[in-house]
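Here are my notes from a first pass through the model, point by point. Have it open while you read, and tell me where you'd look further.

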Amino acid sequence: MLFGKKDTVGLDIGSNQIKLVQLKETKGGHRLERLGIAVIQPELIVDGSILDAAHVVDALKELISNTDIKAKAATLSVSGHSSVIIKRVSLPQMTEDELDEQIIFEAEQYIPFDIEDVSLDFQILGLAEEDNMMDVLIVAVKKDKINEYATVVRDAGLTPVVVDIDAFALENMYELNYEVKEGENIALVNIGASMININILKGGISVFTRDSSVGGNLLTEALQREFTISYANAEKLKHGEPVEGVAKEDVSAVLDASFEEIIAEVSRSFDYFRDTTNYENIDEIILSGGMALTGAFASMLSDRSGVNVSVASPLKNIDVPDTFDREYLDKVEPVIAVAVGLAMRRVGDK
Ligand SMILES: Nc1ncnc2c1ncn2[C@@H]1O[C@H](COP(=O)(O)OP(=O)(O)OP(=O)(O)O)[C@@H](O)[C@H]1O
Ligand SMILES: [Mg+2]
């Protein structure tokens, strides 16, 4: 094997911040080895597209150096409805090898992109309700998107060894840290600056995924418009820091209006989920991403959806050495949910 099994970093390249997590497998589980977060300038990555690769590479190199990363291998992820398609379909029963040979043909009718342009993967989920059929999860990712992200990672000196999907990384994070609840529907909801990733688990098995292009940038833009302030000052307000000439009460009103917009989008996904599952309810929301840290968003989401919301604790079952600043970790934990999920993946994983 080319790379040591232990030395893979999980790298979540978000449009607002890059998150880097390295775990070590121990006898009892996992230990945190490295953690780094770097806020990047706006407009380097827009709607999941890397517009300014050179600056992203610089930020990545600096983060790798500051975090003292020695590992060379990285697991990264992509997401977004315009480049990732995840479909659950019923296919005639066949072996994994047979499906491997036929996947292009089978996938073609379900994937709205040119089949030549995507990288395909699948997972056989089990027997379908119909005779002689089986349920299969098909995942198609635009090769362009993979190349775009893999190139910046390579240019920053790491070797991409696994390319994952945000929604699946969240699921891995969940499996590591939470007890599966039989018969319950748990919605993993990750809301960053420009994207919402949702993965709904039924008894621990993913039954629904959806990405939407909405996120915390809505808040930043609304604050900039309302108070005629810079991007940097709007970000300060979101973090609860004061900005001259802007009253705290006025900030809440603007934030609340943007919260409603984001919650409407989450609700839309939940409606789709209900439509595809005989109107089942969601029992709990596990919220991650920067929006989990933004003011009263989590409690408003709970109020509006009528579902209990817990903020994700991706480090719950990870041994954290005393050398880490616990107070800092408590503050940032929800934003590293995807990166932790990625850090659990290993070279040679599918
Ligand atoms: N402590 C905080 N308080 C308030 N808002 C925060 C805090 N930390 C991050 N945010 C906001 O959360 C967003 C960043 O979250 P996150 O790191 O999950 O996004 P990302 O992964 O970079 O973006 P993308 O949506 O493109 O994946 C930004 O909009 C930022 O302003
Ligand atoms: Mg993100």
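1. Start with helix 7. This helix, residues 248–276, lies across strand 11 (185–191), strand 12 (196–202) and strand 13. Against strand 13 it runs at about 140 degrees. Keep in mind throughout that this is a predicted model.

2. Those strands belong to an open sheet of 5 strands, ordered 13-12-11-14-15, and the pairing is mixed. Which strands sit at the edges? They are strand 13 (205–212) and strand 15 (308–311), each with pairing on one side only. On average, neighbours in the sheet are turned by 20 degrees against each other, if you ignore direction.

3. At the strand 15 end, have a look at how strand 14 (residues 284–288) is joined to strand 15: there are 4 bridges, and the two run parallel. If you want a spot to zoom in on, L287 stands opposite V311 in strand 15.

4. Helix 8, residues 297–305, covers this pair: it lies across strand 14 and strand 15. Its direction is at about 160 degrees to strand 15.

5. Now zoom out to the domains. The chain is split into three: domain 1 takes 1–82 + 143–178 + 316–350, domain 2 takes 84–140, and domain 3 takes 179–312. Note that domain 1 is assembled from three stretches of the chain.

6. How many residues of domain 1 are in contact with domain 3? I have 19 from domain 1, facing 24 from domain 3. On the domain 1 side, the elements giving two or more residues are helix 4 (166–177) and helix 10 (337–343). Helix 4 gives the most, with 5 residues. By class, that side has 9 nonpolar, 7 polar and 3 charged residues. For scale, the C-alpha centres of domain 1 and domain 3 are 22 Å apart.

7. Last, the ligand. Why do I place ligand 1 between domain 1 and domain 3? Because both domains give residues to the shell around it. There are 20 residues around ligand 1, and the nearest are G14, S15, G192, G216 and G290. The shell breaks down by class into 5 nonpolar, 13 polar and 2 charged residues. When you check the site, I'd begin with those five nearest residues, G14 and S15 among them.

Terms used. Residues are numbered from 1 along each chain as its sequence is written. Chains are lettered from A and ligands numbered from 1 in the order in which they are written. This is a predicted model: local features need pLDDT of at least 70, side-chain atom pairs count only at pLDDT 80 or more; totals for chains, interfaces and linings use all residues. Domain bounds come from an automatic or database domain assignment. Two residues are in contact if their C-beta atoms, placed from the backbone, lie within 7 Å. Ala, Val, Leu, Ile, Met, Phe, Trp, Tyr, Cys and Pro count as nonpolar, Asp, Glu, Lys and Arg as charged, and the others, Gly among them, as polar. Two strands pair if DSSP finds at least two bridges between them. Axes are lines fitted to C-alpha atoms, for helices over the stretch in contact, and angles run from 0 to 180 degrees between N-to-C directions. A residue is near a molecule or strand if its C-beta atom, placed from the backbone, lies within 6 Å of it.
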